[in-house]
Amino acid sequence: MTAKKKLDYKWVVVSVCFLMVFCGMGFGYSNKSLYLGAITSALNIKRSLFSFNDCFRFLTTAAINLSFGSLIKKLGARKMIGIGYLCFTTAILIYAYAEKIYLFYVGGILLGVSAAFSSTTVISSLIKRWVKKNTGTVLGFVLAGNGLGSAVAAQIVTPIIYEEGNPFGYRNAYRLVAVILVVVGVLAVLFIREKPKDDTSAPVAHKKGPRGGGW
């Protein structure tokens with residue numbers, strides 16, 4: 001009687017990465033524009049002022065990504081994802097309860113941190129480390145979860161945002177997204193591993209090293 005073949009843990013990592021893209025990017029980032037009309041109408045905020053929070057998000061992400069190599073070496077992918085999802089959930093809750101425009105800008109900064117710490121850059125790094133064959137194909141499959149997640153999210157959150165008779169329906173939608181992010185973040189921290197046991201490359205986390213070397 002032959003022994004059962006042990007599950008290759010890389011597929012666990014790939015599955016969690018897909019879940020992060022499907023739920024995190026699909027529900028959290030890609031459908032952000034769906035909330036624009038509802039929020040600006042309910043709070044009587046100019047669309048141009050509200051949209052300015054995206055500038056804070058993109059600038060924050062760009063600034064952090066300049067030091068991505070150093071960060072992933074010092075913290076490791078799992079810690080970065082944990083911090084990223086903490087900032088992600090906090091940003092979504094700020095969007096849910098904020099009534100002043102400056103709070104949306106704070107949410108934009110936190111969203112930028114979360115994008116740098118737990119989005120495509122760190123996911124690509126994990127896939128490259130775990131998948132040695134057909135890396136591009138697997139990474140393409142994982143990142144395709146963004147489009148799929150966006151399509152599913154739009155069908156779920158749009159009726160909640162624009163619930164008839166409830167101008168603040170977007171808050172319920174954001175609360176739902178926050179719950180989803182908490183679940184995904186916990187699963188990611190529990191199941192993500194930095195690298196395979198047989199990986200003989202340098203450790204992911206160390207205290208000193210050249211800046212940006214992990215690109």
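The paragraphs below lead through the overall fold, two helix packings, the aromatic residues, the cysteines and several individual positions of this predicted model.

The protein is built from eleven helices and has zero strands, so that, in keeping with the way helices and strands are assigned here as DSSP runs, its pattern along the sequence reads α-α-α-α-α-α-α-α-α-α-α. Of the 215 residues of the protein, 46% count as buried. If one takes the contacts between residues at least 6 apart in sequence, 80% of them join residues that are at least 24 apart.

Two packings that involve helix α6 give a first view of how the helices are arranged. Helix α5, residues 68-75, packs against helix α6, residues 77-97, at an angle of about 105°, and the axes of the two helices are 6 Å apart. Because angles from 65 to 115 degrees count as roughly perpendicular, α5 and α6 are described as roughly perpendicular to each other. On the side of α5 the contact is made by F68, L71, I72 and L75, while α6 contributes A77, K79, M80 and I83. Sorted by class, the residues in this contact of α5 with α6 are seven nonpolar, no polar and one charged.

The second packing joins α6 to helix α11, residues 169-191, at an angle of about 170°, with the axes 9 Å apart. Since an angle over 145 degrees counts as roughly antiparallel, α6 is roughly antiparallel to α11. The residues of this contact of α6 with α11 divide into 18 nonpolar, three polar and three charged.

The aromatic side chains offer another route through the model. The structure holds 14 aromatic pairs, and one of them, formed by Y95 and F104, is stacked, with 5.8 Å from centre to centre and 20° between the planes. The pair is called stacked because its planes are under 30 degrees apart. Both partners are shielded from solvent by the accessibility criterion: Y95 is buried at 1% relative accessibility, and F104 is buried with a relative accessible area of 0%. Y95 and F104 also belong to one aromatic cluster, whose members are Y35, F50, Y95, F104, F168, Y170 and Y174.

What, then, of the cysteines? A disulfide is a covalent bond between the sulfur atoms of two cysteines. Because a disulfide is counted here when a pair of cysteine sulfur atoms lies within 2.5 Å, the outcome for this model is a count of zero disulfides. Among the cysteines, C23 is buried at 10% relative accessibility, and C87 is likewise buried, at 14%.

Several individual positions show how parts of the chain that are distant in sequence come together. W11 lies in helix α1, residues 10-29, and counts as partly exposed at 41% relative accessibility. The C-alpha atoms of W11 and V131 are 8.8 Å apart in space, although 120 residues separate W11 and V131 in sequence. A153, which has its place in helix α10, residues 145-161, is buried at 0% relative accessibility. Between A153 and M25, which are 128 residues apart along the chain, the C-alpha separation is 10.0 Å. With its neighbours within four places in sequence left aside, A153 is in contact with G26, F27, N31 and T158.

M25 appears again in the surroundings of S119, a residue in the loop between α7 (101-118) and α8 (120-130). Is this loop residue buried or exposed? At 8% relative accessibility, S119 counts as buried, and, apart from its neighbours within four places in sequence, S119 is in contact with M25, Y29 and S114.

Two asparagines in loops deserve a look at their backbone angles. Most residues other than glycine have a negative phi. N44, in the loop between α2 (36-43) and α3 (47-51), nevertheless has a positive phi, near 55°, and this residue is exposed, with a relative accessible area of 73%. N134, in the loop between α8 and α9 (135-143), also has a positive phi near 55°, and N134 counts as exposed at 59% relative accessibility.

How values were computed:
Residues numbered from 1 in each chain as written. Predicted model: local features only at pLDDT ≥ 70, side-chain atom pairs only at ≥ 80, totals over all residues. Heavy atoms only, no water. Phe/Tyr/Trp six-rings, centres within 6.5 Å; stacked < 30°, edge-to-face > 60°. Buried < 20%, exposed > 50% of the residue type's maximum accessible area, 1.4 Å probe, protein only. Axes fitted to C-alpha atoms, helices over the stretch in contact; angles between N-to-C directions. Helix = DSSP H or I, 4+ residues; strand = E, 2+ residues; numbered from the N terminus. Parallel < 35°, antiparallel > 145°, perpendicular 65-115°, else oblique. Contact = heavy atoms within 4.5 Å. Nonpolar A, V, L, I, M, F, W, Y, C, P; charged D, E, K, R; others polar.
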